[in-house]
Every structure is written in C-alpha cells, then in structure tokens.
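Open the model in your viewer and keep the selection panel at hand. The stops below go from the whole chain to single residues.

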Amino acid sequence: MKAATFNANSIRSRTEVICQWLKTNQPDVLCVQETKVQDVNFPIEAFADTGYQIIYKGQKKYNGVAIFSRLKPDNIEDRLEKDPLNEARFLKAVIGDWIIVNTYIPQGQEVGSEKFEYKLKWFKWLLEYFSGHFKPSDRIIWMGDLNVAIDERDVYDPKGLWGSVCFCKEVQEGLKEVLGWGFTDLFRQFCDQQGHYTFWDYRLAGGFNRNLGWRLDYILATTKASALCKNCLIDRQPRGAERPSDHTFVVAEFQDKPGQTSKKIT
DNA sequence: ATGGTGGCACCGCCA
C-alpha cells in the first residue's frame, strides 16, 4: 500500500499537478483536501484517463475532500459523526485491507473564536469516532490537513509563532489525545529533524524559498499498520512559474504483509 | 510592513 495526501487549494486549479503526480508516483490511494468544488462540478473528466476511481464530498467555495483509489472504495462515510455542521471535511472508505480516513480539520481562524472552539471539538469527535468504531489493532491510515504543527520542529519560528491557531497548546493537546488512542505520526518514525514542512503561507514573500513553513499535513497509522510502514516522506515539489500549490504531497509506503520494518533517520 | 496572495463566488470570505 502506497498512500499519499495533498491539500489542493482548489482541485480544478490542480488537475495537471495531480494527474502528473499520480502518473509519476503510482500510489494506491491519494487523499485530497480543499477541493473547493460542489459535487456536481467535480472535474471527473480531467481524471478519466488516470485509472483511479474517485470519491468526493464537496460544497460551494470552501473545504471539500476526495479520495483517489486504484481499488474500489467500500463502506464509504462522508461526514464525521457528531459534527453538526457537515462541512465536507471528512471521507472514510475501506480500500483493500485498509481503513482510509481523510480529514480536513478546521483551521480555527483565531484562538478563542467560535471557529477555534469548533476546531477543538473536532479532535473530541474524531476520538469518539475512532474509539467507537475501531480498535487500535485495526489497520487504519488517517491522513490529511490536520491544521496542527505538533511540536517545535514543525514550524519555522517556534517562539514567534507560538499561540497561533495551528501552533498552540490547545490544538496540540487535542490532536495528541486522538493520537493517544493508538496512532503513530509516520513522518516522525523516519525523521526527527526540524525544517521539514508541508505548507508555506503564500502571504509571506519568498516564504517557500526561505523555507518559512509549517508541517500541517500528516499520515498517521494505527500501531499495527505503522509497523508495516517502510518509509514516509514529504515530496517537496519545486516552485516556479507553475507553482503547484502551497502544500506538498506526503507519502507513506507499507508492506503488504507483516514482517520486517526498516527504520532510519532523515 | 499590524501587510502580504490566491482561489472562489460575488460585491467579501477563508486560508
């Protein structure tokens, strides 16, 4: 199983980037967030030749998630239980032997705001969802834009940025509570260094080239599945005239059968 | 620099 996640910031603007990336990397599953398109306008024809089946849940203007898969996705769920808003931020499917969960966690706007409270509730609802339906021994891959930098290695300026919506105690603890149920941050299984980011704020001039980034996009796996993970990396695409998007592809590969795990740093 | 840009849909909103 090769799984990947990508925040598209409008899938209709990234069809070329996605088609190219699928062709080059041949993942089994790709989760996409911020498709920003209603289901009736989803650009299915742009992906018709890729060989992937696509499930999606969108709404007008904001949010929206999709899963590209080689195998047929089963047991699809398109909203997080207990979330009253149903804003097209959640997709779950069973694909082969794997339970795949794709989330676009609310960004939260401002600490203390209503949207921030809503973001914190998302961690509670996620924990209730996982603990209510699954066991940590199940093979789950949970990925997406989690809008949390989980420790000081995951932002370019830990002191200056501390207290912002994606880098503060409340969201870190919220995410850690869900992780505590039984998830492993796969990227950190292979790299413990600072400076590996998945998002660069486009409002900061030269932010990408100066690597003023954040690690907000994750691939997480339950213990059983994390033992099968062979590698997890951030595919940092070059930026130029054809800047693909402000996020990168995060990729993880798993052995198909239990056995030896290869672990290494950087 | 209390800004900046990009994307969507509409005359501003969210990141």
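What share of the contacts in chain A with a separation of 6 or more comes from residues 24 or more positions apart? Such residues account for 69% of those contacts. Keep in mind throughout that this is a predicted model.

**Whole chain**

Select chain A and colour by secondary structure: 6 helices and 14 strands should appear. Chain A is as compact as a globular protein of 266 residues, because its radius of gyration, 17 Å, is close to the 18 Å that the globule rule gives for that length. Along the principal axes, the C-alpha atoms of chain A fill a box of roughly 45 × 40 × 40 Å. Colouring by burial would mark 41% of the 266 residues as buried.

**The open sheet**

Next, select the strands β3, β4, β2, β1, β14 and β13. In that order these 6 strands form an open sheet with mixed pairing. At its edges are β3 (53-57) and β13 (229-235), each pairing on one side only. On average, neighbouring strands of this sheet are turned by 15° against each other, direction ignored.

Zoom in on residues 29-33 and 65-69. These are β2 and β4, which run antiparallel and are joined by 5 bridges. Show leucine 30, and phenylalanine 68 in β4 will be found opposite.

**The DNA strand**

Which residues are closest to DNA strand B? Select Ser10, Lys36, Lys61, Gln107 and Arg203, the closest of the 14 residues that surround the strand. The surface near DNA strand B is made up of 4 nonpolar, 5 polar and 5 charged residues.

**Two single residues**

Go to helix α1 (residues 15-25) and pick valine 17. With 18 other C-beta atoms within 10 Å, valine 17 counts as partly exposed, since a residue needs 20 or more to be buried. A distance line drawn from its C-alpha atom to that of cysteine 31, 14 residues away along the chain, should read 14 Å.

Finally, pick alanine 149, in the loop between β8 (140-145) and α3 (158-161). Is alanine 149 buried or exposed? Alanine 149 is buried, because 26 other C-beta atoms lie within 10 Å. Setting aside neighbours within four places in sequence, show its contacts: Asp154, Val155, Cys166, Phe167, Trp214, Arg215 and Leu216. For a last distance, take alanine 149 and alanine 48: they are 101 residues apart in sequence, and their C-alpha atoms are 35 Å apart.

Conventions
Residues numbered from 1 in each chain as written. Chains lettered and ligands numbered in written order. Predicted model: local features only at pLDDT ≥ 70, side-chain atom pairs only at ≥ 80, totals over all residues. Pairing = 2+ DSSP bridges. Helix = DSSP H or I, 4+ residues; strand = E, 2+ residues; numbered from the N terminus. Axes fitted to C-alpha atoms, helices over the stretch in contact; angles between N-to-C directions. Near = placed C-beta within 6 Å. Nonpolar A, V, L, I, M, F, W, Y, C, P; charged D, E, K, R; others polar. Rg over C-alpha atoms; globule rule 2.2 N^0.38 Å. Buried ≥ 20, exposed ≤ 12 C-beta atoms within 10 Å, placed from the backbone. Contact = placed C-beta atoms within 7 Å.
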